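Me: Please take a close look at the salt bridges in this model and the surroundings of the residues that form them. I would like one connected account, with the cut-offs stated.

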Amino acid sequence: MLIVALKMLFGDKVKYLGLVFGVAFATLLISQQSGVFVSLMARTASVILDAEEVNIWVMDTGVEYIDTIRPMKDGDLPRVRGVEGVEWAAPLFKANGLLRTETGRISSATVIGADDSTLIGLPRKFVLGGIDSLRGPDAVALDILGYELIWPGEKPELGRIVELNDRRAVISAIIDAQPTFTTAPVVYARYSTATQFVPAGRNQMSFVLARAVPGETPEAVARRISNATGLQALSSGEFQWKTIRWVIANTGIPTNFGVVIILGIIVGIAIVGLTFNMFIMENMKQYAALKAIGLTNGQIIGMVLLQAAVIGVVGYAIGTGFAALFFATAAKNAPALKGFWLPWQISAIMAGIAVLIMTLSTFVGLRRVLTVDPAVVFRG
């Protein structure tokens with residue numbers, strides 16, 4: 001009987017393709033929008049992710065996320081270093097500036113200054129140059145996406161002269177950093193150089209970057225730092241999620257993506273439900289004939305569920321494939337989408353949504369099949 005069910009399904013090619021399209025469209029829309037949302041949220045914590053060797057961030061108690069900065073006193077650095085469980089600690093400077101090229105093009109930029117001796121907190125993936133390239137006078141590094149934004153279509157090269165807040169800077173390295181939320185260029189420099197580009201008043205240190213000694217968890221050491229200094233100390237993971245939660249709570253981004261995702265589910269259920277119901281109604285006499293020759297309701301249910309499963313699996317596979325193709329090719333054709341990806345968790349959740357769509361879509365039609373009178377086959 002399962003073979004009969006498949007022949008009934010594939011025999012009506014128009015309905016079959018319509019059903020597959022409905023599931024594939026919903027899967028593609030929901031997966032693509034969910035992947036873009038997750039990727040955008042990850043970008044809000046790009047500076048934290050770039051500091052791979054750091055597992056504790058110390059900041060003023062008023063800081064709510066990575067871009068709200070209240071400078072700390074220089075004396076806070078040795079206080080953090082003196083806390084039990086801290087292996088090392090280094091300062092980090094972060095501020096906004098105005099970058100002007102030799103052609104007069106102006107762009108806002110994020111300026112990050114790392115400890116002069118260790119340069120802890122800077123990304124370590126270089127396209128051109130290296131970490132030692134930042135030790136020269138007025139030397140700065142620029143992220144590759146920022147370079148492409150400022151000099152579109154030009155091959156990356158070192159030695160370009162720019163002005164950062166009316167001060168001379170030399171592009172001495174180009175870094176393959178995590179894409180930022182705003183896509184504004186990110187300028188990296190030594191701490192002493194960065195503070196000259198963006199004078200920040202008496203207190204200049206934005207964060208203290210630290211690492212817990214082996215055998216200690218970052219969360220435990222962070223609590224110890226907070227208790228000993230009165231500052232806010234968080235593990236890197238905690239600070240990432242604090243930043244993401246702030247963006248979710250204070251912007252309309254989640255609402256916009258949520259509406260699209262909900263519409264994708266509703267459209268998927270509507271298209272698949274109506275089409276599948278029409279398919280069942282047009283094949284009602286066949287189901288009645290099968291009941292007339294002795295098939296039980298359980299066997300009929302198995303046939304309908306097999307048809308629904310085939311539609312769901314094929315549609316889900318096509319939709320997920322196109323969503324994965326989008327993310328695989330997006331970065332190549334659109335540098336602004338670099339780093340966007342489709343987490344496997346989204347694909348797993350989408351599989352559950354596809355099951356939900358098919359379950360709701362088959363519910364009404366299945367009731368009709370179970371209540372059909374076998375005598376229908378002998379009428380008209």
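Reply:
**Salt bridges and their surroundings**

The side chains of arginine 168 and aspartate 138 come together in a salt bridge, with 3.4 Å between N and O (the term requires a side-chain nitrogen of Lys or Arg within 4 Å of a carboxyl oxygen of Asp or Glu). Arginine 168 sits in strand S7 (residues 167–175) and aspartate 138 in the loop between strand S4 (126–128) and strand S5 (139–143), so the pair ties together parts that lie 30 residues apart in sequence. Here strands are DSSP runs of E with at least two residues, helices are runs of H or I with at least four, and numbering starts at the N terminus. This is a predicted model, in which local features need pLDDT of at least 70 and side-chain atom pairs count only at pLDDT 80 or more, while totals for chains, interfaces and linings use all residues. Residues are numbered from 1 along each chain as its sequence is written, and side-chain values use heavy atoms, leaving out hydrogens and water.

Arginine 168 counts as partly exposed because its relative accessibility is 47%, and aspartate 138, with a relative accessible area of 27%, is also partly exposed. Buried means under 20% relative accessible area, exposed over 50%, and partly exposed in between, using a 1.4 Å probe and protein chains only.

A second salt bridge joins the side chains of arginine 223 and glutamate 238, at 3.0 Å from N to O. This pair links distant parts of the chain, since arginine 223 belongs to helix H7 and glutamate 238 to helix H8, with their positions 15 residues apart. Arginine 223 has a relative accessible area of 34% and is therefore partly exposed; glutamate 238, at 25% relative accessibility, counts as partly exposed as well.

Helix H7, which covers residues 218–229, also holds valine 221. Valine 221 counts as buried because its relative accessibility is 0%. Leaving aside residues up to four places away in sequence, valine 221 touches Ile56, Glu84, Gly85, Val86, Ala212 and Glu216, where a contact means heavy atoms within 4.5 Å. Of these partners, isoleucine 56 is 165 residues from valine 221 in sequence, yet their C-alpha atoms are 8.1 Å apart in space.

A further salt bridge pairs aspartate 60 with arginine 70, whose closest N and O atoms are 3.8 Å apart. The two residues are 10 residues apart and link distant parts of the chain, aspartate 60 and arginine 70 each being placed in the loop between strand S1 (56–59) and helix H4 (76–81). What separates the partners is their accessibility: aspartate 60 is buried because its relative accessible area is 13%, whereas arginine 70 counts as exposed because its relative accessibility is 54%.

Beyond these pairs, Glu102, Glu154, Glu157 and Arg160 are linked in a network of salt bridges. Under the distance rule given above, the count comes to 11 salt bridges.

For another charged side chain, consider lysine 15, located in helix H2 (residues 13–43). With a relative accessibility of 14%, lysine 15 counts as buried, and, again not counting residues up to four places away in sequence, lysine 15 touches Thr275, Met278, Phe279 and Glu282.
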